[in-house]
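Have the sequence and the model open side by side. We start at one aromatic residue and then move to the sheet.

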Amino acid sequence: MAISILKFFVSQLLLCLLNFYGKDVRKAVAAEVGRPINIGVILDNDWYGIVAKVAFEIAREDVNKENKLPNSSRLEFHFRFSESDGQNAVMAAFAAVDLLKKHEVVAIIGPQTSQEAGFVIDLCTASKVPMISFSVTDPLLSAHRYPYFIRLPHSDAVQADAIAALVEYYGWRKVVAVYADNDYGTGMLPFLTDSLSNVGCEIAYRSAIPANANTSATRAKLSELKEMQTRVFVVHMTPDVGALFFSEAEKMGMMSSEYVWIITEGLSALLDVMNESSIASMEGVLGTRSYIPKSTQLLDFDRRWKPRFIAENHPEGKPAKLNIYAYYAYDAVWMIAQALKRFGNAEFIFSQSPTNPNDSFNSQLSNLPVFKQGEQLLQLLGNTNFRGLSGKLEISEGEVRGATYEILNVLGKGKGYRPIGYWTSNGISNSSGGSEIENVTWPGGSTTKIPRGWAINKPLIIAVPIKDGFPGFVVTEKNASGVLVVPKENPGFVIEIFRAVLKNLSYNVSYEFIPYNQNESQLPGYYDALIQQVSLSKKFDAAVGDFTILANRSMYVDFTQPYFESGLVMVVPIKAANPSNAWTFLKPFTAAMWCTTGAFFVFTGLVVWLLEHKVNDTFRGKPKEQVTTFLWFSFSTLFFSQSISEGISARIGHVNVGAGGCRGPGKSETSGEIFQQQYRLQQRRAARKFE
């Protein structure tokens, strides 16, 4: 926070001082033969800065030797060093002021860190001097915000896409972002969040590691991470912090088979210079870094760089190993040289404002020169298109186009690391052009089992409802201590399903059933309160019971798929059917139904007899004949209701039979005679048959 406030103060003070108007004092550098062209270089006074310094010197010698500059001009470098811890960004800003005022440099290369670059870029923009970065990857520093800023390494926003593709490839859905608590660490987070979201993943937690963290602070952070269920960690920090971080992680048992570690370029680009103990503690780690293709030019540079570095720095015991930022440093010099070649023989003009008379403390930030041809040189730098040590360099909007990242796998002590795949904007591929990553050595040494990316450290606390009325779904009983528990035997239908599901999982899940609030089990809204407790409190992780899925409850929890369907149903016994029986149609007729039907037959015949025997001769005669007549009449109504009704004389008899309706009195006699004749004919036929 203090650095950010100081940065703002310095930049605003500078801009205010440059806004005072006065008579311009112009100084022209004559286009003389062999003139020096001043280039400023700001580095940290550490091993990484020394490696880059040797690369700058070799590049300057190559440019001057090949005489690529117009009018036999030569590059002249002015090195400035800030503090080696990279935190004193103010010193980098004062180094930039010194270069701009004292040497009137036409371009500045560096500084190394994002914090320092954030200070210097404001000064370069005010002076219209292009700033070329060979190591800063912070996405918040870009040409969109700072037009005089050009970057050779790819932005961390692009690297975020590569990491998201790697996470998607293995099917992980949540990650934990572990980052250095500085501008470099925090600058990537918004872009990593967006990239992961695009592939259906999310950052479950963010852990900021202080840039100057000691062992105790690092172990405290690791203890927090160890308690989390998510076990996929994206580590974005510098090597000095990263080496301690992984060393302590190994000691705490966090480099086992259930963990996944993905490091960004801040660590992976410098794996070559890490000692054996650091590499050993990082076994199974995955990483992404910019891909540098092998070339004859690259091998020649490596051959020249190593003996020169040893000759200049051997007494200090520095490791003679290159990193990708040294290649970018070399390419930055050639990038400026090619732009100056197209610039031609024009003179470099700087304008200065007179000292502000109201500036009582005579600040060193006043009277900064303004490079009049800065915009022209910036355009030439923006049109860069050549092949350097780091590959093809084609600048577009201040960034190098066509990013390619290689995916690395750390193998452990004595084995170093190896590339297992590559990423471009088209996706992940391997060295053969296929879409699959090569075999990975995971933390713990496994090469076959891919980590799930999550783990459960403690038993799940499962809430269960207390069922007093119907215990078929969930059973609770008191143990010997008088505490309500779910029994191991016959716990209820729902509990048995829950246990059966867990048995089918490929991993073990420990759990503990806790009956919920016995005192409120009989109150209305008991189930709603239980569900809300699962969502709102940290006491329960889930609930198992006979819960009805309702819309208002879905606002608090996620339900499983229904495994029991309730509703109105009809339950009938299952009996074997016999469709071949000819009398099957009689099965619905019970004895009571047969008796009722017979009674109605007798009742119908009796009623008709009572109504007809006085007016109809058919219903007269001997008692035996009368009984036979009304019984026959009742049975005949089932099949001959029309014809039988014609033989009824009484009108009410027509209504009783209900077949032909009432007929007039004039036809009743004739109809009766017809019925009587038919009946007597049937009797005669029956008598002959018996004879």
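Phe 493 lies in helix 15 (residues 493-503). Helices (H or I, at least four residues) and strands (E, at least two) are DSSP runs, numbered from the N terminus. The model is predicted: local features need pLDDT of at least 70, side-chain atom pairs count only at pLDDT 80 or more, and totals for chains, interfaces and linings use all residues. Residues are numbered from 1 along each chain as its sequence is written, and side-chain values use heavy atoms, without hydrogens and water.

Is Phe 493 buried, partly exposed or exposed? Its relative accessibility is 34%, so Phe 493 counts as partly exposed; buried means under 20%, exposed over 50%, and partly exposed in between (1.4 Å probe, protein chains only).

Now the sheet. It is open, has five strands in the order 3-2-4-5-6, and its pairing is parallel. Two strands pair if DSSP finds at least two bridges between them. Strand 3 (74-82) and strand 6 (149-151) stand at the edges with a single partner strand each, so one side of each lacks a neighbour in the sheet. From one strand to the next, the twist averages 25°. Nine bridges join strand 2 (residues 36-44) to strand 3, and the two run parallel. Asn 38 stands opposite Glu 76 in strand 3.

Helices cover this sheet too. Helix 2 (residues 47-66) lies across strand 2, strand 3 and strand 4 (107-109). Helix 2 runs at about 170° to strand 3; axes are lines fitted to C-alpha atoms, for helices over the stretch in contact (heavy atoms within 4.5 Å), and angles run from 0 to 180 degrees between N-to-C directions.
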